[in-house]
Amino acid sequence: MEQNILVTRSSLPDLDEYMEEIRDLWDTHWLTNMGVKHQKFQKILEEYLGVPHVALYTNGHLALENAINALNLPKGGEVITSPFTFASTTHAIVRNGLVPVFCDINDRDYTIDVSRIESLITDRTVAIVPVHVYGNMCDVEEISRISKKYGLKVIYDAAHAFAVKYKGKSLAVFGDATMYSFHATKVFNTIEGGAVCFHNDSWVQLLNDMKNFGIHGPEEVDYIGGNAKMNEFQAAMGLCNLRHLDEEITKRKKVVERYRERLEGVEGIKLTKIQEGVESNYAYFPVVFDSYKYTRNEVFEKLAEVGIGARKYFYPLTNSFECYRNYPTAGTEKTPIAQHTALRVLTLPLYADMSLEDVDKICDIILK
């Protein structure tokens, strides 16, 4: 029986390697609460990403939510962000008592359109939360200029962008903080997990306290915190997967190159431009079907009929969610490029162990 081709498949180390990594947990019985694996993984990530501080989390959403919380922004303040993202980004803003102001995206790499940001700034604007999409990076230099001009905080949602570099530097060095997701579907995973990368020394204790119920000491609770600690098994998976990350990215690159070889230049099929100065992680392969002989939905259905999973990613836009219907800044008519893209984009299957034969099978179906 022929196996289905999934939209993604989690990268895993050799079972023996992982078993060896977790073996000493049976000796210590220290399974969570920032143990040896957690501390080791944190230090290695700080070196790998070139940042002074990393705080590890049980998932990327809580990492982003805590990072925004740490800024201590005034409740009701406006945060400029993109609707072309996963629900987590917008939810993290709103759950902090802030108001999302949706900025349209550009049609080249689908990141926030920096030429529109300044027109959205008011006396209530307190921060910008841009999103690196599909492994494509935002215009960090222009966002830095704008944030300095208006005195705004910047937190990057880099859920898609672990290991991406710009001019030789990790994306983690930009902004006030950067959030990474280590979910099982990502290029790099810790089963579930996430991290906040930052420069502010005062945040080290703050973020550690906030993700541990606000507990500052054995008999001292300084913050209204939650439970968002990465456990030892997650950290151990991260330690293993990080050793093989370069190899995994190289494999993903070969898959992307075959897709481009087959689909580049086909009328009605639009691929993202390769960004200058960027070392990609090849996280996703989005295709926009714009005036193609078949619609996005027709292609999606044809692939599904033969067991091939693709994803309408991102659809729908977060500014069209029912839960944001009554927000004054919601509504897809205000972000026409994002809406146009959301109605036409499909991310095709992509993972490190994907065969080129499977890539060809997918492309044959699309092109027939």
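**How the labels in this model are reached**

Author: Val126 has its place in strand β4. The model is a predicted one, in which local features need pLDDT of at least 70 and side-chain atom pairs count only at pLDDT 80 or more, while totals for chains, interfaces and linings use all residues. Residues are numbered from 1 along each chain as its sequence is written, and side-chain values use heavy atoms, with hydrogens and water left out.

Reader: What makes β4 a strand?

Author: Strands are DSSP runs of E with at least two residues, helices are runs of H or I with at least four, and both are numbered from the N terminus.

Reader: Why is Val126 counted as buried?

Author: Buried means under 20% relative accessible area, exposed means over 50%, and partly exposed lies in between, with a 1.4 Å probe and protein chains only. Val126 has 14% relative accessibility, which is under the 20% limit, and therefore counts as buried. Leaving out residues up to four places away in sequence, Val126 touches Leu73, Pro74, Gly77, Glu78, Val79, Leu98, Leu152 and Lys153, where contact means heavy atoms within 4.5 Å.

Reader: Why does Ala304 count as partly exposed?

Author: Ala304 is found in helix α11 (residues 296–305). Its relative accessibility of 44% is neither under 20% nor over 50%, so Ala304 counts as partly exposed. Its C-alpha atom is separated by 9.9 Å from that of Leu6, although the two residues are 298 residues apart along the chain.

Reader: How do you know that α5 is largely enclosed by the rest of the structure?

Author: Seven of the eight residues of α5 are buried, and the helix is therefore described as largely enclosed by the rest of the structure. The buried residues are Ala87, Ser88, Thr89, Thr90, Ala92, Ile93 and Val94. What covers them includes α4 (60–70), β2, β3, β4 and β5 (153–157).

Reader: Why are α1 and α9 called oblique to each other?

Author: Axes are lines fitted to C-alpha atoms, for helices over the stretch in contact, and angles run from 0 to 180 degrees between N-to-C directions. Angles under 35 degrees count as roughly parallel, over 145 as roughly antiparallel, 65 to 115 as roughly perpendicular, and the rest as oblique. The axes of α1 (residues 15–22) and α9 (residues 232–243) come within 9 Å and cross at roughly 135°, an angle that belongs to none of the other three classes, and so the two helices are oblique to each other.

Reader: Which residues make the contact of α1 with α9, and how do they divide by class?

Author: Glu17, Tyr18, Glu21 and Ile22 of α1 meet Phe233, Ala236, Met237, Leu239, Cys240 and Arg243 of α9. Ala, Val, Leu, Ile, Met, Phe, Trp, Tyr, Cys and Pro count as nonpolar, Asp, Glu, Lys and Arg as charged, and the others, Gly among them, as polar. By that rule the contact has seven nonpolar, no polar and three charged residues.

Reader: What makes α3 oblique to α9?

Author: The axes of α3 (residues 36–49) and α9 come within 8 Å and cross at roughly 40°, which is not under 35 degrees and does not reach the range from 65 to 115, so α3 is oblique to α9. The crossing of α3 and α9 is left-handed, a term used if the near helix is turned anticlockwise from the far one by less than a right angle, whereas clockwise gives right-handed. The crossing of α1 and α9 is right-handed.

Reader: Why is the pair of Phe84 and Tyr110 called tilted?

Author: Rings of Phe, Tyr and Trp (its six-membered ring) pair if their centres lie within 6.5 Å, and planes under 30 degrees apart count as stacked, over 60 as edge-to-face, and the rest as tilted. The count by this rule comes to 23 aromatic pairs. Phe84 and Tyr110 are 6.1 Å apart centre to centre, with 50° between the planes, and this angle is neither under 30 nor over 60 degrees, so the pair is tilted. Both Phe84 and Tyr110 are buried.

Reader: What makes the pair of Tyr110 and Tyr134 edge-to-face?

Author: The planes of Tyr110 and Tyr134 are 85° apart, which is over 60 degrees, and the centres are 6.2 Å apart, so the pair counts as edge-to-face. Tyr110 is in the loop between β3 and α6, and Tyr134 is in the loop between β4 and α7, 24 residues apart.

Reader: How do you know that Thr341 is buried?

Author: Thr341 has its place in helix α12 (residues 336–342), and its 4% relative accessibility is under 20%, so it counts as buried. Apart from neighbours within four places in sequence, Thr341 is in contact with Phe84, Ile105, Tyr110 and Val288.
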